[in-house]
Amino acid sequence: MEERSDRFTAIEDRYAGYTVYDPDGDKIGKVDDLFVDENDQPEYIGVKMGLLGTRSTLIPWQMVEVREDDSTLIVSADDGHVKDGPTFDDDQEITPDFESEVYSYYGLQQTGSTE
């Protein structure tokens with residue numbers, strides 16, 4: 001089990017501190033969380049937004065383009081749309097209903113849903 005947690009921490013920390021932008025180069029926020037599926041594949045990023053970083057929005061990974069060279073992530077939605085998206089608090093559990101709300105908000109189809 002120890003190996004799993006070390007590996008998970010490495011995956012989770014991989015994008016820590018990355019800045020998230022929309023396709024026009026407008027800053028959306030900073031990566032706060034990385035949510036992975038049961039196969040350790042990225043599923044969502046949580047992005048801290050607002051002046052004080054008091055709330056996070058969940059963005060499906062399939063909307064994200066990684067740019068390793070400058071530690072940025074580009075989301076295929078404009079910043080206004082993302083900022084109005086479903087938000088969560090750090091102590092809130094990400095439920096299947098919330099995931100459905102997120103996918104619906106971004107007009108995406110969920111794939112490989114685990115029931």
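Biologist: With which residue does the side chain of Thr-72 make a polar contact?

Modeller: In this predicted model, the contact runs from side chain to side chain, at 2.8 Å. Thr-72 itself lies in strand β6. The partner of Thr-72 in this polar contact is Asp-70.

Biologist: Is Thr-72 buried or exposed?

Modeller: Leaving aside residues up to four places away in sequence, Thr-72 touches Tyr-18, Thr-19, Tyr-21, Glu-65, Val-66 and Arg-67. The relative accessibility of Thr-72 is 8%, and a residue under 20% is classed as buried. Thr-72 is therefore buried.

Biologist: How many bridges join β5 and β6?

Modeller: Strand β5 covers residues 64-67 and strand β6 covers residues 72-75. The two form a hairpin with four residues between them. One of the bridges sets Val-66 opposite Leu-73 of β6. The pairing is antiparallel, and the number of bridges is four.

Biologist: What is the phi of Ser-71?

Modeller: Ser-71 is in the loop between β5 and β6, and at 32% relative accessibility it counts as partly exposed. Most residues other than glycine have a negative phi. Ser-71 is not a glycine, yet its phi is positive, at about 50°.

Biologist: Where is Asp-40, a residue other than glycine with a positive phi?

Modeller: Phi of Asp-40 is near 65°. Its relative accessible area is 7%, so Asp-40 is buried. Asp-40 is found in the loop between β2 and β3.

Biologist: Which strands stand at the edges of the sheet?

Modeller: The sheet is open and mixed in its pairing, with seven strands in the order β5-β6-β1-β2-β3-β4-β7. An edge strand has a single partner, so one of its sides is left without a neighbour in the sheet. The strands at the edges are β5 and β7.

Biologist: Which residue of β2 is the bridge partner of Tyr-21?

Modeller: Strand β1 spans residues 19-21 and runs antiparallel to β2, with three bridges between them. Strand β2 spans residues 27-36. The bridge partner of Tyr-21 in β2 is Lys-27.

Biologist: Why is the pair of Tyr-15 and Tyr-18 classed as edge-to-face?

Modeller: The whole structure holds six aromatic pairs. In the pair of Tyr-15 and Tyr-18, the ring centres are 5.2 Å apart. Planes over 60 degrees apart count as edge-to-face. The planes of these two rings are at 90°, so the pair is edge-to-face.

Biologist: Which residue joins Tyr-15 and Tyr-18 in a cluster of ring pairs?

Modeller: Tyr-15 and Tyr-18 are both buried. Ring pairs link these two tyrosines into a cluster with Trp-61.

Biologist: How many residues apart are Tyr-44 and Tyr-103?

Modeller: Tyr-44 and Tyr-103 form an edge-to-face aromatic pair, 5.9 Å centre to centre and with 75° between the planes. Tyr-44 counts as buried at 2% relative accessibility, and Tyr-103 counts as buried at 7%. The pair links distant parts of the chain, with Tyr-44 in strand β3 (residues 42-49) and Tyr-103 in helix α3 (residues 96-105), and the separation is 59 residues.

Biologist: Within what arc do the buried residues of α3 fall?

Modeller: The buried residues of α3 are Phe-98, Glu-99, Val-102 and Tyr-103. They line one face of the helix, whereas Asp-97 and Ser-104 are exposed on the other side. Seen down the axis of α3, the buried residues fall within an arc of 135°.

Biologist: Against which strands do the buried residues of α3 pack?

Modeller: The buried set includes Tyr-103, whose ring pairs with that of Tyr-44, a residue of β3. The full set of strands packed against is β3, β4 (55-60) and β7 (87-88).

Biologist: Which elements each supply at least two residues of the largest nonpolar core?

Modeller: This core has 26 residues, and those that touch the most other members are Val-20, Ile-45, Ile-59, Leu-73, Val-75 and Val-82. Not counting residues up to four places away in sequence, Val-82 touches Ile-28, Met-49, Thr-57, Ile-59, Val-75, Ala-77 and Tyr-106. The elements that each supply at least two core residues are β2, β3, β4, β6 and α3.

Terms used: Residues numbered from 1 in each chain as written. Predicted model: local features only at pLDDT ≥ 70, side-chain atom pairs only at ≥ 80, totals over all residues. Heavy atoms only, no water. Pairing = 2+ DSSP bridges. Phe/Tyr/Trp six-rings, centres within 6.5 Å; stacked < 30°, edge-to-face > 60°. Buried < 20%, exposed > 50% of the residue type's maximum accessible area, 1.4 Å probe, protein only. Arc of directions from axis to C-beta. Contact = heavy atoms within 4.5 Å. Core = buried A, V, L, I, M, F, W, Y, C linked by side-chain atoms within 4.5 Å. Polar contact = N/O pair within 3.5 Å; in protein donor to acceptor, adjacent residues only side chain to side chain.
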